[in-house]
Amino acid sequence: MTEHIAAEPFPCARFIKEIGRGPHGARALSREDTYALYSAMLAGRVSDVELGAVLLAYRLKGETADELAAMLAAAQASIAPIRVPGAVSIPSYNGARKQPNLVPLLALLLAREGVPTLVHGVTHDPGRVTSAEIFACMGIASATSHADIETGLNAHRVSFAPVEVLAPQLARLLALRRVMGVRNSTHTLVKILQPFAPAGLRLVNYTHPSYRDSLAELFLGHPDTAVGGALLARGTEGEAVADTRRQVQIDWLHDGVAETLVTPERSSPDESGPDLPAARDAETTARWIESVLAGDAPVPPTLARQVEEIVRIGSRS
């Protein structure tokens with residue numbers, strides 16, 4: 001009979017002393033210290049009091065590109081990679097509140113083009129419509145294991161992985177939002193996670209220009225974080241799917257360079273947008289997506305452009 005050995009506690013006082021001095025007095029940790037701290041947090045070695053202090057300290061201070069790179073390295077080391085070559089990952093952690101959630105449509109359009117596409121994220125979010133709920137209405141069940149994820153990608157070119165299945169240690173820290181009432185560094189990390197080996201293309205979105213700058217600094221200043229490439233664009237309600245109302249800039253960050261693939265276009269006030277589902281609930285959205293895939297409704301032009309660029313990147317890799 002194997003005895004359960006408790007994880008060795010990881011004292012955090014010296015780290016909290018550096019990062020917990022407020023937005024003007026706090027100092028960044030070294031890459032080595034950040035990696036050690038976040039690895040211990042993922043492993044459950046940090047006490048609840050210290051964990052809360054660290055998360056709130058970073059919430060106030062913000063992460064530097066060096067710290068974020070170290071956290072990402074620790075996060076990557078905590079997951080078992082998905083071994084499907086040439087795949088694309090789409091993080092889906094926000095869902096839809098005001099507009100229909102078209103992440104499943106994007107994933108299925110890519111799958112139809114032969115691109116294995118993994119959508120990963122939360123299954124439920126009160127007040128929002130998640131990608132998992134829409135997939136379920138279309139008969140696409142959430143994966144229950146890594147083998148299940150790989151089977152879906154190989155057999156159907158699409159799979160939805162709950163974060164609890166893809167990255168259980170990250171899921172535990174992500175869930176602390178319900179306890180603490182605010183997001184933490186993990187919410188950024190899950191959206192830039194590289195789930196594949198060999199590395200695949202990641203769709204990465206931002207909501208504010210300053211966030212775009214920090215992500216560009218991360219990927220361009222730390223080439224190890226950009227392996228496989230990242231497609232960076234302003235998201236739709238925090239989701240990495242093209243906004244159907246306007247064409248936004250799309251940048252491809254790879255090999256230490258940022259290549260602008262699509263430039264933003266202003267829409268005319270008199271220009272009518274694409275016909276979208278009459279309601280944003282999961283069932284209505286699922287039925288509308290099926291009509292688009294069947295050719296009974298057109299693909300929104302900005303989504304078609306997003307698919308085109310992703311397929312083109314795949315052909316260049």
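Helices H6 and H15 are oblique to each other in this predicted model, since H6 (residues 103-112) and H15 (residues 301-316) pack at an angle of about 45°, and angles that are neither under 35 degrees, nor over 145, nor from 65 to 115 count as oblique. Their axes lie 10 Å apart, and the crossing that they form is right-handed. On the side of H6, the contact is made by Leu-105, Leu-106, Leu-109 and Leu-110, which meet Leu-303, Gln-306, Val-307, Ile-310 and Val-311 of H15. Sorted by class, the residues of this contact comprise 8 nonpolar and 1 polar, with no charged residues.

A second helix pair is formed by H3 (residues 31-42) and H4 (residues 48-61), whose axes come within 11 Å and cross at roughly 130°; H3 and H4 are therefore also oblique to each other. In this case H3 passes H4 in a left-handed crossing. The residues that meet are Thr-34, Leu-37 and Met-41 from H3 and Leu-51, Val-54, Leu-55 and Tyr-58 from H4, and by class this contact has 6 nonpolar residues, 1 polar residue and no charged ones.

In helix H8 (residues 146-156), the buried residues are Ile-149, Gly-152 and Leu-153. Viewed down the axis of H8, these buried residues fall within an arc of 95°, so they line one face of the helix. An α-helix has 3.6 residues a turn, and residues three or four places apart therefore point the same way. The cover over the buried residues of H8 includes strand E2 (117-121), strand E3 (158-162) and helix H9 (163-166). H8 is followed by Arg-157, which has a positive phi, near 65°.

Methods:
Residues are numbered from 1 along each chain as its sequence is written. This is a predicted model: local features need pLDDT of at least 70, side-chain atom pairs count only at pLDDT 80 or more; totals for chains, interfaces and linings use all residues. Side-chain values use heavy atoms; hydrogens and water are left out. Buried means under 20% relative accessible area, exposed over 50%, partly exposed in between (1.4 Å probe, protein chains only). Helices (H or I, at least four residues) and strands (E, at least two) are DSSP runs, numbered from the N terminus. The arc is that of the directions from the helix axis to the C-beta atoms. Contact means heavy atoms within 4.5 Å. Axes are lines fitted to C-alpha atoms, for helices over the stretch in contact, and angles run from 0 to 180 degrees between N-to-C directions. A crossing is left-handed if the near helix is turned anticlockwise from the far one by less than a right angle, and right-handed if clockwise. Ala, Val, Leu, Ile, Met, Phe, Trp, Tyr, Cys and Pro count as nonpolar, Asp, Glu, Lys and Arg as charged, and the others, Gly among them, as polar.
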